[in-house]
Amino acid sequence: ARRTPVLGMERQYETNVDPRVLATVRQQWAKHQAERERRYERYVEDIHQLAARLPRGMREKISTDVESRLASSLLDGTVFQIVRELEEIQQLKERDLLNSRMKMLSDHKGRRTALATRHRTAVIEASAKARPMLATEQQEQRDKLETELEAETVQSDQETILALDQLLTEQQSTLQRAGVPLMFITNRTEDVSVQMQVLEWMQRLLALENR
């Protein structure tokens with residue numbers, strides 16, 4: 001059944017609103033819509049120009065419909081905010097990974113230095129007769145240390161790759177939920193290249209917005 005009393009109340013409420021207030025609201029709304037349309041058209045034009053510079057293979061993945069949907073996704077500013085936050089998170093993660101690697105390299109240097117110091121001391125204290133055998137033992141120790149350091153470096157590199165892959169997956173998922181076209185979880189090189197290009201465009205447009 002229709003709730004006519006409620007509708008009646010709505011009509012009565014509207015008649016009690018100052019016409020000047022209504023006119024102001026309508027003007028502001030029209031202004032907002034016009035500005036939104038101008039921004040949409042500017043985004044579409046900017047994105048189209050950026051897309052035109054892409055290699056043909058990549059350009060074919062970005063249709064005019066994709067350009068339009070990408071422009072639309074940027075209008076309320078939410079995606080720009082997400083891009084800004086993702087960029088900050090990525091910078092923090094990359095800085096953390098870099099610091100971890102620098103710490104590892106410093107540790108490796110210290111261990112090499114400590115071993116070399118022990119070896120020099122042992123050579124000084126050894127007799128001439130014992131030095132040939134000592135040299136062989138020390139070379140084995142150096143080889144063993146280098147094998148350990150290489151294994152640690154490989155493990156660190158693998159952990160870095162996994163961390164960056166996880167970061168990429170989180171970025172893809174976040175932007176997909178935000179409605180950005182071409183964003184979805186994938187590790188295919190071709191798809192990731194296109195996604196990175198789209199992300200770069202959004203960063204450029206964000207920079208223009210902040211001017």
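This passage walks through the fold of a predicted model, from the whole chain down to single residues.

Because this is a prediction, local features are taken only at pLDDT of at least 70 and side-chain atom pairs only at pLDDT 80 or more, while totals for chains, interfaces and linings use all residues. Residues are numbered from 1 along each chain as its sequence is written, and side-chain values use heavy atoms, with hydrogens and water left out.

At the level of the whole chain, there are seven helices and zero strands, so the order of elements from the N terminus simply reads α-α-α-α-α-α-α. Helices here are DSSP runs of H or I with at least four residues, strands are runs of E with at least two, and both are numbered from the N terminus. The C-alpha trace spans about 110 × 45 × 40 Å along its principal axes. The radius of gyration comes out at 31 Å, whereas a compact globule of 211 residues would sit near 17 Å; the radius is taken over C-alpha atoms, and the globule rule is 2.2 Å times the number of residues to the power 0.38. Of the 211 residues, 26% count as buried, where buried means under 20% relative accessible area, exposed means over 50%, and partly exposed is in between (1.4 Å probe, protein chains only). As for contacts (heavy atoms within 4.5 Å), 69% of those between residues at least 6 apart in sequence join residues at least 24 apart.

Turning to helix packing, α5 covers residues 78–125 and α6 covers residues 131–177; their axes come within 11 Å and cross at roughly 175°. Axes are lines fitted to C-alpha atoms, for helices over the stretch in contact, and the angles run from 0 to 180 degrees between N-to-C directions. The pair is therefore roughly antiparallel, given that angles over 145 degrees earn that label, under 35 count as roughly parallel, 65 to 115 as roughly perpendicular and the rest as oblique. The residues of the contact of α5 with α6 divide into 17 nonpolar, 10 polar and 10 charged. In that split, Ala, Val, Leu, Ile, Met, Phe, Trp, Tyr, Cys and Pro are nonpolar, Asp, Glu, Lys and Arg are charged, and the others, Gly among them, are polar.

Two residues of α6 give some distances along the chain. Ala151, in α6, is partly exposed at 45% relative accessible area, and its C-alpha atom is 26 Å from that of Asn187, 36 residues away in sequence. Leu164 also belongs to α6 and is partly exposed at 35%; between its C-alpha atom and that of Leu206, 42 residues apart along the chain, the separation is 23 Å.

The loop between α6 and α7 holds Gly179, which is partly exposed at 44% relative accessibility. Gly179 and Leu70 are 109 residues apart in sequence, yet their C-alpha atoms are 8.5 Å apart in space. The same loop between α6 and α7 is also the place of Leu182. Most residues other than glycine have a negative phi. Leu182, though not a glycine, has a positive phi of about 70°, and at 25% relative accessibility it is partly exposed.

Leu182 is also one of the residues touched by Gln195, together with Gln172, Met183, Phe184 and Thr186, leaving out residues up to four places away in sequence. Gln195 sits in helix α7 (residues 189–209) and is buried, with a relative accessible area of 0%. The side chains of Gln195 and Gln172 are joined by a polar contact of 2.7 Å. For such a contact, two N or O atoms must lie within 3.5 Å; within protein, one must be able to donate a hydrogen and the other to accept it, and residues adjacent in sequence count only if both atoms are side-chain atoms.

Finally, there is Ala71, in helix α4 (residues 64–73). Ala71 is buried, at 0% relative accessibility, and is in contact with Tyr40, Tyr43, Val44 and Ile47, leaving aside neighbours within four places in sequence. By C-alpha atoms, Ala71 and Ala130 are separated by 78 Å, with their positions 59 residues apart along the chain.
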